[in-house]
Amino acid sequence: MLSLIAQENKEVYSSLILENDPEVIKLEKDLSYYYMTASNSYLAWYEGYTNKVYYKNLLNEEIINLKFEKGRGPNEILSLRGLAIVNNHLFILDTQNKKVLKFNLKEGNFDSEMQYGRNRINYITSSNNNLFGKGASRNGIYFEIDFDKEAIIPLKNFLTEEEIIELTKNVFRFEGPFLANSEFLVSVRKYEPTIFIQKQDESFVDFQYDKANFEPEYEVNEYGMATRPPEKVSMRLYSAALKPNSTIVYLVREGYTEKFPENDRSTLYLYDFALKEYVGTLDTKVESIREITTNDKYLFIYDDKNFSITRIEL
């Protein structure tokens, strides 16, 4: 469990401490894990070198490997770029084949898939029974994915068409975690200290949560298209997760800003987007945090130095 130590001085951020030793799930060493996601029943992640997806039933110790081939046919994947869990199903985003695949986690096998056509979807996430996508397409930024009807439904757009066109020229400005809960969709920019919040009733809030020491510079080609991420940035946001039933975002950051000059990959930073301020930090004791995710009860932390996932009760 976590407990909050309150501070009277608002300039001193509250700190969270671990009351008990957390559970640690050991992974195979020297591999590369991405796109960790969780529901109340399952935890899933992707291993990039072997092109495998693993999931764990949180009610037992069994870790299962989902089987799929590399290719363009049914149950085949070319470029896995995201995972999301809805009920007992895992959804996998394949951006090269422009499709979403559905797997039955109870049975451990392939269920079905749907194409998303001309829409550009770079990330997926889920909340309750809903599946969402994010991508800089001309008809929107956020989408509800109705898998049963094979429909991609654009949510209300908060950018002008000109702004979207500019965004499509620089996909790196769009790169970063995409989160959802029962009320909000939250998008975090990896290379710029910005969080976008959109309520699922489609009202929108946009703000910069921490002042960077300088703006990142992107290398562009003769057509104005960004060709690579910025080499020099003050901070990178590798991962983020929403605290259950709150407006707090856990942030995994590397670099420095005016508020946090230290470079520390063992600490999570708690930001409340309703208050528009930091409300705490958590020293996780994890040596090198790469990814995090949450469900209603736990915070999961992937340590990319010790190849393990730490489960902390919230």
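Here are some notes on this predicted model, going from the whole protein down to single rings.

1. **The overall picture.** Strands are what you'll meet almost everywhere you look: the protein has 30 of them, plus one helix. Of its 314 residues, 52% count as buried. The protein exposes about 15500 Å², and carbon and sulfur atoms supply 43% of that area. If you take the contacts with a separation of 6 or more, 41% of them are between residues 24 or more positions apart.

2. **A four-strand sheet.** Have a look at the open sheet with the order β4-β5-β6-β7, where the pairing is antiparallel. Which strands stand at its edges? They are β4 (33-38) and β7 (63-66); each has a single partner strand, so one side of each is left without a neighbour in the sheet. On average, neighbouring strands here are turned by 20° against each other, direction ignored.

3. **One pairing inside that sheet.** Strand β6 covers residues 52-57, and four bridges join it to β7 in the antiparallel sense. If you want a spot to zoom in on, find Val-53: its bridge partner in β7 is Leu-66.

4. **Two hairpins in a row.** Now move along to strand β14 (residues 123-127), which runs antiparallel to β15 and is joined to it by five bridges. Thr-125 stands opposite Phe-132 in β15. These two strands form a hairpin with two residues between them, and Asn-128 in the turn has a positive phi of about 55°. Then comes another hairpin, again through two residues, which joins β15 to β16. Strand β16 (residues 140-146) pairs with β15 in the antiparallel sense over four bridges, and Ser-137 stands opposite Gly-140 in β16.

5. **How covered is β15?** Is this strand mostly covered or mostly open? Mostly covered: β15 spans residues 130-137, and seven of its eight residues are buried. As background, side chains in a regular strand alternate between the two faces of the sheet.

6. **Aromatic pairs.** How many aromatic pairs does a search of the whole structure find? The count is twelve. One of them is Tyr-42 with Tyr-55, an edge-to-face pair at 6.0 Å centre to centre, with 70° between the planes. Tyr-42 lies in strand β5 (residues 42-47) and Tyr-55 in strand β6, so this pair ties together parts that are 13 residues apart in sequence. Both residues are tucked away from the surface: Tyr-42 is buried, with a relative accessible area of 4%, and Tyr-55 counts as buried at 1%.

7. **Another pair, and a cluster.** Tyr-271 and Tyr-278 also pair edge-to-face, at 5.3 Å centre to centre and with 80° between the planes. Tyr-271 is buried at a relative accessible area of 1%, and Tyr-278 counts as buried at 4%. Elsewhere, ring pairs link Tyr-34, Tyr-35 and Tyr-46 into a cluster.

8. **Charges over rings.** Which ring does the charged end of Lys-134 sit over? The ring belongs to Tyr-123, and the charged end is 4.4 Å from its centre. Since you've just met both strands, try finding this one on screen: Tyr-123 is in β14, while Lys-134 is in β15. Arg-311 is worth a look too, as it lies over the face of Tyr-298, at 4.6 Å from the ring centre.

Methods: Residues numbered from 1 in each chain as written. Heavy atoms only, no water. Buried < 20%, exposed > 50% of the residue type's maximum accessible area, 1.4 Å probe, protein only. Pairing = 2+ DSSP bridges. Axes fitted to C-alpha atoms, helices over the stretch in contact; angles between N-to-C directions. Phe/Tyr/Trp six-rings, centres within 6.5 Å; stacked < 30°, edge-to-face > 60°. Lys NZ or Arg CZ within 6 Å of the ring centre and 35° of its normal. Contact = heavy atoms within 4.5 Å. Areas by Shrake-Rupley, 256 points an atom, 1.4 Å probe, with all protein chains shown as cover.
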